[in-house]
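Dear colleague,

I am handing over the structure we spoke about, and below it you will find what came out of going through it. Please read the notes with the coordinates open beside them.

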Amino acid sequence: MQNAKKRISAIMAVTIALVFVLSVLFVVFESEHNCSGDDCRICQTVNTCLHIFDNTTPDPAVINAVAAVVFALVLVIGAVSACRNSENLITLKVKLSD
């Protein structure tokens, strides 16, 4: 059951990535087409693709907040791993006898 969920999640992620990539390619290739007027289907599709990009672009404040949280997590994880892997005389089992 867990494997099926991972597979479905991967398929959905690939599908979303393909939508973005193909939308960008469509806008690039059809940017200088021969427009037939107000009812041009290509212009409508290009506008839809651009609308998708406008609605999925996050706010810069959200990006900054997420970046700060990720940076803090990286620092904390680095500090914890450095503390756990530190070597001292006790962990090396050095006998200090005269």
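Read from one end of the sequence to the other, the chain of this predicted model follows the pattern α-α-α, with three helices and zero strands in total.

As for overall dimensions, the chain has a radius of gyration of 26 Å, whereas a compact globule of 98 residues would have one near 13 Å. Taken along the principal axes, the C-alpha atoms fill a box of roughly 95 × 40 × 20 Å, and of the 98 residues of the chain 6% count as buried.

The helix pair I looked at in detail is α1, which covers residues 2-29, and α2, which covers residues 41-56; their axes come within 10 Å and cross at roughly 135°. Since angles over 145 degrees would count as roughly antiparallel and 65 to 115 as roughly perpendicular, that crossing makes α1 oblique to α2. In terms of handedness, α1 passes α2 in a left-handed crossing.

Which residues make up this contact between α1 and α2? On the side of α1 they are Phe20, Ser23, Val24, Phe26 and Val27, and these meet Ile42, Thr45, Val46, Cys49, Leu50, Ile52, Phe53 and Thr56 in α2. Sorted by character, the residues of the contact of α1 with α2 divide into ten nonpolar, three polar and no charged.

Two valines of α1 that take part in this contact are worth setting side by side. Valine 27, which lies in helix α1, counts as buried, because its relative accessibility is 18% and the cut-off for buried is under 20%. Leaving aside the neighbours within four places in sequence, valine 27 is in contact with Val46, Cys49 and Leu50. Looking back along the chain, valine 27 and isoleucine 11 are 16 residues apart in sequence and 24 Å apart in space, C-alpha to C-alpha. Valine 24, which also lies in helix α1, is partly exposed, with a relative accessible area of 40%. The C-alpha atoms of valine 24 and serine 97, which are 73 residues apart along the chain, are separated by 71 Å.

Between the two helices, is serine 31 buried or exposed? Serine 31, which is found in the loop between α1 and α2, is exposed, with a relative accessible area of 53%, and the cut-off that places it there is over 50%. The C-alpha atoms of serine 31 and valine 46 are separated by 8.0 Å, although the two residues are 15 apart along the chain. Valine 46 has already appeared above, as one of the residues in contact with valine 27.

With kind regards

Notes. Residues numbered from 1 in each chain as written. Predicted model: local features only at pLDDT ≥ 70, side-chain atom pairs only at ≥ 80, totals over all residues. Heavy atoms only, no water. Axes fitted to C-alpha atoms, helices over the stretch in contact; angles between N-to-C directions. Helix = DSSP H or I, 4+ residues; strand = E, 2+ residues; numbered from the N terminus. Parallel < 35°, antiparallel > 145°, perpendicular 65-115°, else oblique. Left-handed = near helix turned anticlockwise from the far one by under 90°. Contact = heavy atoms within 4.5 Å. Nonpolar A, V, L, I, M, F, W, Y, C, P; charged D, E, K, R; others polar. Rg over C-alpha atoms; globule rule 2.2 N^0.38 Å. Buried < 20%, exposed > 50% of the residue type's maximum accessible area, 1.4 Å probe, protein only.
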